[in-house]
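Got your viewer open? Let's take a short walk through this chain, one selection at a time.

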Amino acid sequence: MPQKKRDLPIGVFDSGVGGLTVLKALRERLPRESLVYLGDTARLPYGTKSAEAVSHYAVQAARALVATGIKALVVADNTSSAHALEPLRAAFPGLPVIGVVEPGATAAGHASAEGRIAVIATESTVQAGTYPRAILHSRPGARVTSRACPLFVSMVEEGMVDDAIAEMIARHYLAPLFLDPPPDGRADCLLLGCTHFPALEPLLRRLLGPEVAIVDSATTTASAVEDLLSHRRLATTATAGEVRYMVTDAPDRFARVAGVFVPWGIAAAQVELVDIG
């Protein structure tokens, strides 16, 4: 008997390993749903590529996921979310496609008491201005300050998330936003605009204190997926979900670095090497 559409897995796409924070949030929020993760590790980072190249790669990755049989696609990559959502929706009409930018931006707009929101992200995401536009769309009049934190990505992948070096670098990046308040007042909300950055959340919370709201685009995206499944009556009837991992290069490294992002172990033998190009 053919598998019912509602019991198909959710596809999760990222340029590499950072999207595992979104996968983790989805597993926590929707433990009954099965997931298929694809990391395009052969062509990362996407942040240095043109919008046209990113859209082309994203459609190729989505096509590979669609071929496995999925009921929805989560684009767990900030660059792809900024440039490729419309090309993806055009290429796969009828397939629900959710990116990480809009859910995070909307949540930040709601979480900020005074409308002073700081966004930390990679340099390419900051330069694209995607998060400020999305925040201002959901909360007109908000004051948004963005800061690129390029060292955070390599720190997280090396497992340096809460040591003295990580704290020193975090203080360097956060000082202009929070620790040395600007003339118009410090931000009261921090939006983590990169899928690597939730791994640093315990450190950031300790540095900023409880008065600053921290919004994680991974958890907000998982919430948006839950709402979509409910609205479209696509929630599974299964009792427990499974996870499948695919990468386009270096499955051994993916499995090793994955331990920084998810609390369960991923063996290299569990990671499939696929060719999507």
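Start with R233, and keep in mind that this is a predicted model. You'll find R233 in the loop between α11 and β9. Check its backbone: phi is near 55 degrees, a positive value in a residue that isn't glycine. Is R233 buried or exposed? It counts as exposed, because its relative accessibility is 71% and the cut-off for exposed is over 50%.

Next, select A250, in the loop between β9 and α12. A250 also has a positive phi without being glycine, here near 50 degrees. With a relative accessible area of 33%, A250 is partly exposed.

While you're looking at backbones, jump to L44 and P45. The peptide bond from L44 to P45 is cis, with omega near -5 degrees. P45 sits in the loop between β2 and α2 (51–68).

Now go to S34, in the loop between α1 (20–29) and β2 (35–39). Which residues does S34 touch, leaving aside those up to four places away in sequence? Show P9, I10, G241 and E242 as sticks and you have them. Zoom in on E242: the side chain of S34 reaches its backbone nitrogen at 3.0 Å. Then add A238, which is 204 residues from S34 in sequence but 8.8 Å away in space, C-alpha to C-alpha.

From S34, step back to the helix before that loop, α1. Colour L20, T21, V22, L23, A25 and L26, the buried residues of α1. What covers them? The cover includes the strands β1 (10–14), β2, β3 (72–75) and β9 (243–247), along with the helices α11 (217–231) and α12 (251–258).

Finally, zoom out to the whole chain and switch to cartoon. You should be able to pick out 12 helices and 10 strands. Turn the chain around: its C-alpha trace spans about 65 × 40 × 40 Å along the principal axes. The radius of gyration is 18 Å, which agrees with the value near 19 Å for a compact globule of 277 residues. Of those 277 residues, 52% count as buried. Among contacts with a separation of 6 or more, 78% are between residues 24 or more positions apart.

Last selection: turn on the surface and the charged side chains. The chain exposes about 12,200 Å², with carbon and sulfur atoms supplying 53% of that area. There are 26 positive and 29 negative side chains, and the centres of the two sets lie 6 Å apart.

Technical notes. Residues numbered from 1 in each chain as written. Predicted model: local features only at pLDDT ≥ 70, side-chain atom pairs only at ≥ 80, totals over all residues. Heavy atoms only, no water. Helix = DSSP H or I, 4+ residues; strand = E, 2+ residues; numbered from the N terminus. Contact = heavy atoms within 4.5 Å. Polar contact = N/O pair within 3.5 Å; in protein donor to acceptor, adjacent residues only side chain to side chain. Buried < 20%, exposed > 50% of the residue type's maximum accessible area, 1.4 Å probe, protein only. Rg over C-alpha atoms; globule rule 2.2 N^0.38 Å. Areas by Shrake-Rupley, 256 points an atom, 1.4 Å probe, with all protein chains shown as cover. Lys, Arg positive; Asp, Glu negative; His and termini not counted. Charge placed at Lys NZ, Arg CZ, Asp CG, Glu CD.
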